[in-house]
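Grab a pencil and try these exercises with the model open beside you. Each one comes with a solution you can follow step by step.

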Amino acid sequence: MRVTSSGCRLSSAPRVAPAGVLLGRTRGSLGLLQCLFLPQECILSGIMSVNGKKVLHMDRNAYYGGESASITPLEDLYKRFNLPGTPPESMGRGRDWNVDLIPKFLMANGQLVRMLLYTEVTRYLDFKVIEGSFVYKGGKIYKVPSTEAEALASSLMGLFEKRRFRKFLVYVANFDENDARSFEGVDPKKNTMRDVYKKFDLGQDVIDFTGHALALYRTDDYLDQPCQETINRIKLYSESLARYGKSPYLYPLYGLGELPQGFARLSAIYGGTYMLNKPIEEIVIENGKVVGVKSEGEIARCKQLICDPSYVPERVKKVGKVIRVICILSHPIKNTNDANSCQIIIPQNQVNRKSDIYVCMISSAHNVAAQGKYIAIVSTTVETSDPEKEIKPALELLEPVEQKFVSVCDMFAPTDLGKESQIFISSTYDATTHFETTCDDIKDIYKRMMGSEFDFEEMKRKKNDIYGEEDQQ
């Protein structure tokens, strides 16, 4: 996996079928065709293509990734949010900007990185390590301690608490779910995480940053659930941190829009067809089962369909709202050692909420902004009738802000598993700033479609299959 300080974009555009090809590609003896739309679906299209499925990927937008796209130039972002006028000259050249609509980082040892490595999509992408991970406490932000040395040096805790937290980290590092001796009297499938915290006599502030900044839970519901999942989450954080040092997070140069493009390229190499700017007029159902998708008066026949909730509003339910605020800055965030990139988590208890507030910040160092500019994106699950007031603690950390772009979106989830209709619907992106929950959704859709557990090994590209690619040597 290529993680560089400068890097270059190696991806090139995948095959995009012209509009007139739609029926010619899909009529007759095509066999199993899967039509797909948008972000999670981009990843699934690549995976399904590698698995030998015939895939047609249609997108109503003129770009890849839908709501997870990176918008360029900056003028288009102003238009998208209906802001009057054009960006001021102080923002630099519009084409220097690639602004993510939905902020996400990749865990260096996480599920999406494994998908990228197994499918070799990494050959089209370059990444940079996010410079720091911080947590909010009492109105200030602190570096998240996740190693023994950092725990002992952290100002988040007093001397005795540091020692107890160090013992806890050693316990987590040595924990092996296949070795009962490492449990130290804890039953990982019965004892709760609250029991484990009590065992190490950890205080509320330590519990807050451990559960929310290390295990990356959005609420405190996990406290009364079996501890094994939480311990594994903390191990994932620590292992991800160990890979590159500064933080456990990675980010692709030129923005998150590079990810769906990479998987689109993968699908195209294995015979998948991509069609942008294709209006979806109707999902055709016969006897309760999907048989095709109608676009511009023609029907693309298929046996399975993957789509996001916006295409099938009658088959989804609203499960909440999320607010995201894109902020353009001319300075790094205070108290982050002038980091060019970072994540800040504000645990729910620190601001009397039920769910966390997230801040992720990237900059010109990632080829997503003009020189000397920074993009900070705040997100959280909406809990009141005044969403912007809810994120005020995060916005105060960013001041002064040159420009804000505010969106409040409904979150949806499918009402059924899709096994009868063969329509498999993804869930709306949540407020978290990592891809682990998104990958869980991808694996869930895969299981519902294929009837078997997601297997990373099946994603591996055949070494002698370079169809459609030039020699990369």
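## Exercise 1: Around helix α8

Let's begin with the surroundings: β7 (133-137), α6, α7 (193-199), α9 (228-244), β9 and β16 (342-346) are among the elements that cover the buried residues of α8. Keep in mind that this is a predicted model.

**Task.** Work out how many residues of α8 are buried, and which ones.

**Solution.**
- Step 1: Use the cut-off, where buried means under 20% relative accessible area.
- Step 2: Count the hits: nine of the eleven residues in α8 are buried, so the helix is mostly covered.
- Step 3: Name them: V206, I207, D208, F209, T210, G211, H212, A213 and L214.
- Step 4: Peek just past the end of α8, where L216 has a positive phi of about 65 degrees.

## Exercise 2: Two helices that cross

**Task.** Describe how α6 and α8 cross, then list the residues that meet there.

**Solution.**
- Step 1: Find helix α6 at residues 159-174 and helix α8 at residues 204-214.
- Step 2: Look at their axes, which come within 12 Å and cross at roughly 40 degrees.
- Step 3: Check the hand of the crossing: right-handed.
- Step 4: Pick out the contacts, with E161, F165 and F168 on the α6 side and V206, F209, T210 and L214 on the α8 side.
- Step 5: Sort those residues by class, and you get five nonpolar, one polar and one charged.

## Exercise 3: A three-stranded sheet

**Task.** Put the strands of the open sheet with β5, β6 and β9 in order, and explain why β5 and β6 each have a side without a neighbour.

**Solution.**
- Step 1: Write down the order, β5-β9-β6, with antiparallel pairing.
- Step 2: Go to the edges: β5 (106-107) and β6 (127-129) each have a single partner strand, so one side of each has no neighbour in the sheet.
- Step 3: Zoom in on β5 and β9 (residues 249-252), which are joined by two bridges. Here L106 has L250 in β9 as its bridge partner.

## Exercise 4: Strand β18 and its partners

**Task.** Is β18 mostly covered or mostly exposed, and how many bridges link it to β15 and to β17?

**Solution.**
- Step 1: Check burial: seven of the eight residues of β18 (residues 374-381) are buried, leaving the strand mostly covered.
- Step 2: Turn to β15 (residues 316-329), which pairs antiparallel with β18 over eight bridges. I328 has I375 in β18 as its bridge partner.
- Step 3: Move to β17 (residues 357-363), which runs antiparallel to β18 and is joined to it by seven bridges. Here M361 sits opposite A376 in β18.

Notes:
Residues are numbered from 1 along each chain as its sequence is written. This is a predicted model: local features need pLDDT of at least 70, side-chain atom pairs count only at pLDDT 80 or more; totals for chains, interfaces and linings use all residues. Side-chain values use heavy atoms; hydrogens and water are left out. Axes are lines fitted to C-alpha atoms, for helices over the stretch in contact, and angles run from 0 to 180 degrees between N-to-C directions. Helices (H or I, at least four residues) and strands (E, at least two) are DSSP runs, numbered from the N terminus. A crossing is left-handed if the near helix is turned anticlockwise from the far one by less than a right angle, and right-handed if clockwise. Contact means heavy atoms within 4.5 Å. Ala, Val, Leu, Ile, Met, Phe, Trp, Tyr, Cys and Pro count as nonpolar, Asp, Glu, Lys and Arg as charged, and the others, Gly among them, as polar. Two strands pair if DSSP finds at least two bridges between them. Buried means under 20% relative accessible area, exposed over 50%, partly exposed in between (1.4 Å probe, protein chains only).
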